[in-house]
Amino acid sequence: MNAHAPVRPPLTVVLASPRGFCAGVDRAIQIVERAIEKFGAPVYVRHEIVHNRHVVDRLKALGAVFIEELSEAPDDRPIVFSAHGVPKSVPAEAKARQMIYLDATCPLVSKVHVEAQKHFNSGREIVLIGHAGHPEVVGTMGQLPEGTVTLIENIDDARAWIPKDASNVAFLTQTTLSVDDTADMVDLLKARFPGIAAPHKEDICYATTNRQDAVKHLAQGTELVLVVGSRNSSNSVRLAEVGLKAGAKDARLIDDASGLDWSWFEGVSRVGLTAGASAPEDLVQGVIDAIAARFDVTIEDLIEARETVTFKLPRLLTT
């Protein structure tokens, strides 16, 4: 043993659980992988299957071709719709072109689509709480005729919305939002419109809720919270925001270990580590390995919930 080797300072890394892939993401990735196995490459995918650069790059290497619009895909190759969901016009066009298509929309997003249709069929005016331009929001609003869903992005929008008939309204939410921020908007809408139709069960998905709850606990027991995830991943961005709001002195979103800045660790003895629902576990391990190369690391587990949810694959891939 080298007596002159530098002594690594001690550091506790608290690992949040659950973290990383949720059932909807896992299903979507499997759909692309199985489609490539069954039909050969290339298989086209409309929009990033999930919002993570590493996942997308790995699937590209297997033979997936990512496009933004169906018009970019040839008629004779399979097409997969991303986990975020698509407007109704997209599968309609695929059918008209007699394409083989696979819908990887998360079943919890599909549930929101069904709710939207029911409210519309009942003649209700609908507001959707979400982020403009996010593919999930585009897909949900695209379930119904243009102009029939109003998007609310913040508390001011919720305060300003004036329906034609205040007694016949409903709200939906994007599945990957901040639970706390959404609650404020929902409370305001319910105060303004006491009879507003709400989801039978909260639209924000179980995985988003569980990961946010875990981050709140991480923030209370660590000085720095690291969230592994891509910047275009709504649920990953929300995790870093939730960490700060819950009291973390610092919270950072990183794509992988290459995004670490060691200045963040100055004066830090406990680091919280989690990952967004579209981030693979090997990226988390890569961050742990990078930290362990510089610090004498002790790992602690923070278990917020145990997830046992699974979703079936499309029949086309299982028969």
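**Exercise 1.** Determine which residue caps the N-terminal end of α2, and how.

*Solution.* Step 1: Locate the helix. Helix α2 covers residues 53-62; helices (H or I, at least four residues) and strands (E, at least two) are DSSP runs, numbered from the N terminus. Step 2: Identify the cap. Asn52 places a side-chain oxygen 3.0 Å from the backbone nitrogen of His54 and thereby caps this end. Step 3: Consider what follows the helix. Gly63, just after α2, has a positive phi of about 125 degrees.

The model is predicted: local features need pLDDT of at least 70, side-chain atom pairs count only at pLDDT 80 or more, and totals for chains, interfaces and linings use all residues. Residues are numbered from 1 along each chain as its sequence is written, and side-chain values use heavy atoms, with hydrogens and water left out.

**Exercise 2.** Explain why the buried residues of α2 line one face of the helix.

*Solution.* Step 1: Name the residues. Val55, Val56 and Leu59 are buried, that is, under 20% relative accessible area, whereas exposed means over 50% and partly exposed in between (1.4 Å probe, protein chains only). Step 2: Look down the axis. The buried residues fall within an arc of 95 degrees, so they line one face; the arc is that of the directions from the helix axis to the C-beta atoms. Step 3: Find the cover. It includes α1 and β3 (64-67).

**Exercise 3.** Is Thr12 buried or exposed?

*Solution.* Step 1: Place the residue. Thr12 belongs to strand β1 (residues 10-17). Step 2: Apply the cut-off. Thr12 counts as buried because its relative accessibility is 15%.

Conventions. Contact means heavy atoms within 4.5 Å. A polar contact is a pair of N or O atoms within 3.5 Å; within protein, one must be able to donate a hydrogen and the other to accept it, and residues adjacent in sequence count only if both atoms are side-chain atoms.
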